[in-house]
Amino acid sequence: MTREEIEAITLEVLRTIAPEAGLAALDPDRNFRDQIEIDSVDYVNFALGLEQRLGIRIPELHYPRLSSLKGCLAYLAEALRAC
C-alpha cells in the first residue's frame with residue numbers, strides 16, 4: 001500500500017470521527033487533538049477504525065504513535081510492512 005493510500009484511509013477514518021473538521025488544513029506534525037475537536041473516545045474509535053479499514057491490529061500501547069498525521073502514516077506503513 002502506498003503512502004498516499006494510507007493517508008487517504010487515515011483521513012477518511014478521521015472524517016467519520018470528526019466530520020466537521022477541516023482536514024485539508026491539518027499540519028502533519030501537530031497532534032490531532034490540538035487541531036480538531038476529538039476526545040479520548042473519538043481517539044480510540046479512530047484507532048479501531050484504522051484497524052478495521054487496514055486489517056491490522058494496533059496495540060493500545062501504540063496509540064500515542066497515531067497522534068499526528070506524520071506519526072500515524074509512519075506507524076501504519078511500518079505495521080503494514082510487518083503483515
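Me: Why is R53 called partly exposed in this predicted model?

Reply: R53 has a relative accessible area of 39%. Buried requires a value under 20% and exposed a value over 50%, so 39% lies in between and R53 is classed as partly exposed.

Me: What makes the contact between E12 and R53 a salt bridge?

Reply: The N to O distance between the side chains of E12 and R53 is 2.3 Å. The cut-off is 4 Å between a side-chain nitrogen of Lys or Arg and a carboxyl oxygen of Asp or Glu; the pair therefore qualifies. E12 belongs to helix α1 (residues 3-17) and R53 to helix α3 (residues 40-54), and the pair, 41 residues apart, links distant parts of the chain.

Me: Why is E12 assigned to its accessibility class?

Reply: The relative accessibility of E12 is 38%. Since this value is neither under 20% nor over 50%, E12 counts as partly exposed.

Me: How do you know that D29 and K70 form a salt bridge?

Reply: Their side chains meet at 3.5 Å, N to O, which is within 4 Å, and therefore the criterion is satisfied. This pair also links distant parts of the chain, with D29 in the loop between α1 and α2, K70 in helix α4 (residues 69-82), and the two positions 41 residues apart.

Me: Is D29 buried or exposed, and why?

Reply: D29 has a relative accessible area of 52%. Exposed means over 50%, so D29 is exposed.

Me: What makes E51 and R57 a salt bridge, and why do they fall into their accessibility classes?

Reply: The N to O distance of 3.6 Å between the side chains of E51 and R57 is within 4 Å, so the pair is a salt bridge. E51 has a relative accessible area of 15%, which is under 20%, and is therefore buried. R57, with 63%, is over 50% and is therefore exposed. The search of the whole structure finds four salt bridges, including this one.

Me: How do you know that C72 is in no disulfide?

Reply: A search of the whole structure finds zero disulfides. The nearest cysteine sulfur to that of C72 belongs to C83 and is 14 Å away. A disulfide requires two cysteine sulfur atoms within 2.5 Å, so C72 does not meet the condition. For C83, the nearest cysteine sulfur is that of C72, again 14 Å away, and C83 is likewise in no disulfide.

Me: Why are C72 and C83 given their accessibility classes?

Reply: C72 has 0% relative accessibility, which is under 20%, so C72 is buried. C83 has a relative accessible area of 69%, which is over 50%, so C83 is exposed.

Technical notes. Residues are numbered from 1 along each chain as its sequence is written. This is a predicted model: local features need pLDDT of at least 70, side-chain atom pairs count only at pLDDT 80 or more; totals for chains, interfaces and linings use all residues. Side-chain values use heavy atoms; hydrogens and water are left out. Helices (H or I, at least four residues) and strands (E, at least two) are DSSP runs, numbered from the N terminus. Buried means under 20% relative accessible area, exposed over 50%, partly exposed in between (1.4 Å probe, protein chains only).
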